[in-house]
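Colleague: Please take one part of this model and go through it closely. I would like the metal site, and then whatever surrounds it in the fold.

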Amino acid sequence: MRGAILPGNSTVELVDLPDPTPGPGQVLLAMRASTICGSDIRAIYREHIQGDPAETYQNVVAGHEPAGEVIQVGPGAERISVGDRVCVYHISGCGQCDDCIRGYQISCTSPRRAAYGWQRDGGHAELLLAQERDCIVLPDSVSYLDGACVACGFGTAYEGLLRAGVSGRDSLAVVGLGPVGLAAGLLGKALGAVPRVGVDPSADRRELAVQLGAVDIACAPDETRLLAETLGAGAHVAIDCSGSTQGRAAAVALLRSRGRMVLVGEGNSFEIEEASPTLIHRQITVHGSWVTSLEHMRELVERLPVWGLRPEVIVSDQFTLDEAAAAYQLADAGQSGKVAIVFEP
Ligand SMILES: [Zn+2]
Ligand SMILES: [Zn+2]
């Protein structure tokens with residue numbers, strides 16, 4: 001099979017690898033869609049970030065947002081059958097620790113934990129060997145591209161909103177309108193949050209967010225006063241998807257008294273100059289939220305058709321596997337919506 005590897009110098013290398021065979025509890029997917037995530041860019045494509053074992057890239061096939069068709073099942077695989085359309089929760093945990101039992105394989109610290117596209121082969125290849133337990137079957141009306149978008153980005157945004165208990169009682173501020181921010185706005189809408197405002201330095205991203213209905217209004221980080229009329233006393237919930245120090249400060253500032261803040265975007269620092277006036281006296285709750293659980297991802301996949309929500313609407317550009325280098329260049333520029341690698345059936 002052909003697959004894409006990220007050497008860590010802002011290039012993509014296409015390699016030929018032996019076709020994998022599913023062992024016990026495993027299934028083999030013919031890949032159909034594999035989207036690119038901000039963490040691929042931040043931690044693998046530009047450079048290989050070292051330190052956290054969860055983020056250490058082992059020179060495997062990249063891509064941790066896979067969706068495909070099951071073409072072979074290994075011994076003991078009973079739930080998933082040949083022909084099933086699935087997306088893959090992108091971390092395979094030990095299956096036995098407290099975090100894995102709760103479905104948060106992302107937080108598993110066992111040496112057996114391996115993320116697809118980081119420590120075991122991921123979705124940027126014609127074939128993907130997956131653990132049956134990591135696969136989520138897609139309903140007919142959920143496309144492969146929808147599934148790939150859910151496998152990390154939409155799942156991560158959904159978890160962040162659930163962490164803050166977002167509902168129709170809330171207004172929502174989304175800081176950072178990249179793919180995860182778009183997902184947060186669209187899912188916030190499905191959960192009833194209104195109004196929704198967005199903040200992003202990129203005019204293209206602001207325009208796309210409004211056009212998709214993810215937010216009602218969007219502005220640049222130095223223009224947040226323009227949101228005052230829409231938000232009134234401030235947002236009930238602010239979700240930072242920017243991962244920037246300034247973005248997080250902007251998110252806190254947009255909250256009303258007793259507001260809830262969720263940090264989803266990764267990297268950089270979270271700086272509060274004066275704790276009392278900024279957080280304590282305003283009774284602010286701050287949540288950190290990392291990816292999602294298998295259970296919440298399944299629930300999300302099941303709710304999408306009910307909500308009439310197609311995650312693939314955030315995909316702005318599609319490439320073939322042979323064009324993976326161009327796909328990564330575009331995603332790295334940070335001006336587009338979601339960038340996807342798609343495969344012909
Ligand atoms: Zn991701
Ligand atoms: Zn575990």
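Modeller: What follows starts at the metal, moves to the strand and helix beside it in the chain, and ends with the pockets.

The model is predicted. Its zinc ion (ligand 1) has three coordinating residues listed: Cys37 through SG, His64 through NE2 and Cys152 through SG, at 2.0 to 2.3 Å. Written as a sequence pattern, the spacing of these donor residues is C-x26-H-x87-C. The two cysteines come from distant parts of the chain, 115 residues apart: Cys37 sits in the loop between β3 (26-35) and α1, while Cys152 belongs to helix α3. Water is not among the atoms, so the site may look incomplete.

How accessible are the two cysteine donors, buried or exposed? Both Cys37 and Cys152 are buried. For Cys37 the relative accessible area is 8%, and the residue counts as buried because the limit is under 20%.

Disulfides can be dealt with briefly. The count for the model comes to zero. Cys87 is one of the cysteines left unpaired: its nearest cysteine sulfur belongs to Cys135 and is 8.4 Å away, whereas a disulfide would need the two sulfur atoms within 2.5 Å. Cys87 is also buried, at 0% relative accessibility.

Next comes β3, the strand that leads into the loop holding Cys37. This strand is mostly covered, with 10 of its 10 residues buried. Its pairing with β4 (residues 66-73) is antiparallel and runs over seven bridges; in that pairing Leu29 has Val70 as its bridge partner. With β8 (residues 127-131), β3 pairs over five bridges, again in the antiparallel sense, and Gln26 is matched there with Gln131. The pairing of β3 with β17 is antiparallel too and has three bridges, one partnership being that of Thr35 with Ala340 in β17.

On the other side of the cysteine pair is helix α3, which contains Cys152. Ala157 also lies in this helix, and at 0% relative accessibility Ala157 is buried. Ala157 and Leu300 are 143 residues apart in sequence, yet the C-alpha to C-alpha distance between them is 11 Å.

Some of these elements also take part in the largest pocket. Its volume is about 1200 Å³, and 50 residues line it, with Gly38, Ser39, Cys241, Ser242 and Glu266 nearest its centre. At least two lining residues come from each of α1 (38-45), α3 (144-163), α4 (179-190), α7 (245-254), α10 (324-333) and β17 (338-342). The largest contribution is that of α1, at four residues. Thus α3, the helix of Cys152, and β17, a partner of β3, both help to line this pocket. By class, the lining divides into 23 nonpolar, 18 polar and nine charged residues.

The second largest pocket holds about 160 Å³ of space. Its lining consists of Asp52, Pro53, Ala54, Ile106, Ser107, Cys108, Thr109, Ser110, Pro111, Arg113, Gln119 and Trp290. Of these, six are nonpolar, four polar and two charged.

Note on methods
Residues are numbered from 1 along each chain as its sequence is written. Chains are lettered from A and ligands numbered from 1 in the order in which they are written. This is a predicted model: local features need pLDDT of at least 70, side-chain atom pairs count only at pLDDT 80 or more; totals for chains, interfaces and linings use all residues. Side-chain values use heavy atoms; hydrogens and water are left out. On a 1 Å grid over the protein atoms alone, a cavity is a set of points where a 1.4 Å probe fits but cannot get out, and a pocket is an open set with protein on both sides within 12 Å along at least five of seven lines; lining residues have an atom within 4 Å of a point. Grid points are joined across faces, edges and corners, and a volume is the space filled by probe spheres set on the points. Ala, Val, Leu, Ile, Met, Phe, Trp, Tyr, Cys and Pro count as nonpolar, Asp, Glu, Lys and Arg as charged, and the others, Gly among them, as polar. Buried means under 20% relative accessible area, exposed over 50%, partly exposed in between (1.4 Å probe, protein chains only). Donors are N, O and S atoms within 2.8 Å of the metal (3.2 Å for Na, K and Ca); water is not among the atoms, so sites may look incomplete. Two strands pair if DSSP finds at least two bridges between them.
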